[in-house]
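Student: Hi! Could you walk me through this structure?
Tutor: Happy to, here it is.

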Amino acid sequence: MITASLLILAAYLLGSVSSAIIVCRLMSLPDPRTQGSNNPGATNVLRIGGKKPAAITLFGDSLKGLFPMLAGHLLGVAPWVLAAVGLAAFLGHLFPVFFGFRGGKGVATALGVQFGLWWPIGLCVALIWLFVAKVLKISSLSALISMSLAPLIVWLLWPDPVLIGMQLVMTGMLIWRHRSNIKNLLTGAEGRLVDQVGGSDQD
C-alpha cells in the first residue's frame with residue numbers, strides 16, 4: 001500500500017510539471033498562460049513559438065503520462081494501482097500544484113498514459129487521432145473523437161473494469177476541458193490544423 005501511495009503521489013507531481021511553461025521560459029517565449037488561447041499546451045506553444053518548442057512540449061507532456069505507468073509495470077502493481085497512477089498523472093497536468101492548478105487540457109498526457117498502460121492501446125488511439133486529423137484537419141475534433149473511442153479500445157484490448165473506468169473518467173474530463181472547443185465546433189469557429197495563429201487549442 002505504501003508503494004502504491006508513493007507511486008500515485010509521484011505520478012501527480014510529475015504530471016504537475018508543466019512542459020509548456022518550462023519550455024517557454026527556457027526558450028525566452030511568452031508565458032503560454034497569458035498569450036494566445038492562454039492554455040499551457042503544445043498547440044498554444046506552437047501558436048506563440050513555432051514548431052520546435054511545440055514538439056518539445058508535446059513530447060514532455062506525453063512522457064508525464066508514460067513514465068509513471070511504466071514504473072507501475074516494473075513494480076508489478078495491480079490494475080487498480082495502474083488506473084490510479086494514470087489518473088494522478090492526468091490530473092497533475094490538468095491541475096498542476098506547481099503552477100497554481102492552471103493546467104492544459106490533457107490530450108498528450110492521456111496518450112502517454114495509454115501507451116504506458118499497453119502500447120497497442122496508445123497506438124490505436126494515436127492512429128485514430130492521425131486519421132481524423134488528416135481527413136478533417138481540426139486538432140480538437142481529432143482529440144475528442146480519438147479520446148471518446150479510447151474506453152472502447154481499452155475494453156477490447158484489456159477488458160479490466162477498473163482500467164475501463166480510468167479511461168472513462170479521463171475521457172469525461174477531457175471532453176469537459178474542451179467545452180469551449182466544442183462550442184466553436186458547433187458554430188464553425190474552431191481553428192484548423194493548417195492555422196498556426198488564432199482559434200483555440202486542445203492540449
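Student: Let's begin with helix 2. Which residue just after helix 2 takes a positive phi?
Tutor: That is S28, just after helix 2, with a positive phi of about 55°. Helices here are DSSP runs of H or I with at least four residues, and strands are runs of E with at least two, numbered from the N terminus. Before we go on: this is a predicted model, where local features need pLDDT of at least 70 and side-chain atom pairs count only at pLDDT 80 or more, while totals for chains, interfaces and linings use all residues. Residues are numbered from 1 along each chain as its sequence is written, and side-chain values use heavy atoms, with hydrogens and water left out.

Student: Thanks! Which residues of helix 2 are buried?
Tutor: S19, A20, I21, V23 and C24. Buried means under 20% relative accessible area, exposed means over 50%, and partly exposed is in between (1.4 Å probe, protein chains only).

Student: And what covers them?
Tutor: The cover includes helix 3 (42-49) and helix 4 (51-75).

Student: You listed C24. How many disulfides does the search find?
Tutor: Zero in the whole structure, counting a disulfide as a pair of cysteine sulfur atoms within 2.5 Å. C24 is buried, at a relative accessible area of 1%, and C124 is partly exposed, at 31%.

Student: New topic: helix 7. Why does its length agree with what we expect?
Tutor: Its 18 residues should span 26 Å at 1.5 Å a residue, and the end C-alpha atoms are 25 Å apart, so the two agree. The expected span is 1.5 Å times one less than the number of residues.

Student: What do the buried residues of helix 7 pack against?
Tutor: Helix 6 and helix 8, with contact meaning heavy atoms within 4.5 Å. Those buried residues include P120, I121 and V125. After helix 7 comes K137, whose phi is positive, near 60°.

Student: Which residues touch the most other members of the largest nonpolar core?
Tutor: L117 and L174, out of 30 residues. A nonpolar core is a set of buried Ala, Val, Leu, Ile, Met, Phe, Trp, Tyr and Cys residues joined through side-chain atoms within 4.5 Å. Helix 5 gives the most to this core, with eight residues.

Student: Last one: where does the charged end of R177 sit?
Tutor: Over the ring of F95, 5.2 Å from its centre. Such a charge needs NZ of Lys or CZ of Arg within 6 Å of the ring centre and within 35 degrees of the ring normal. R179 also lies over the face of W176, at 4.2 Å from the ring centre.
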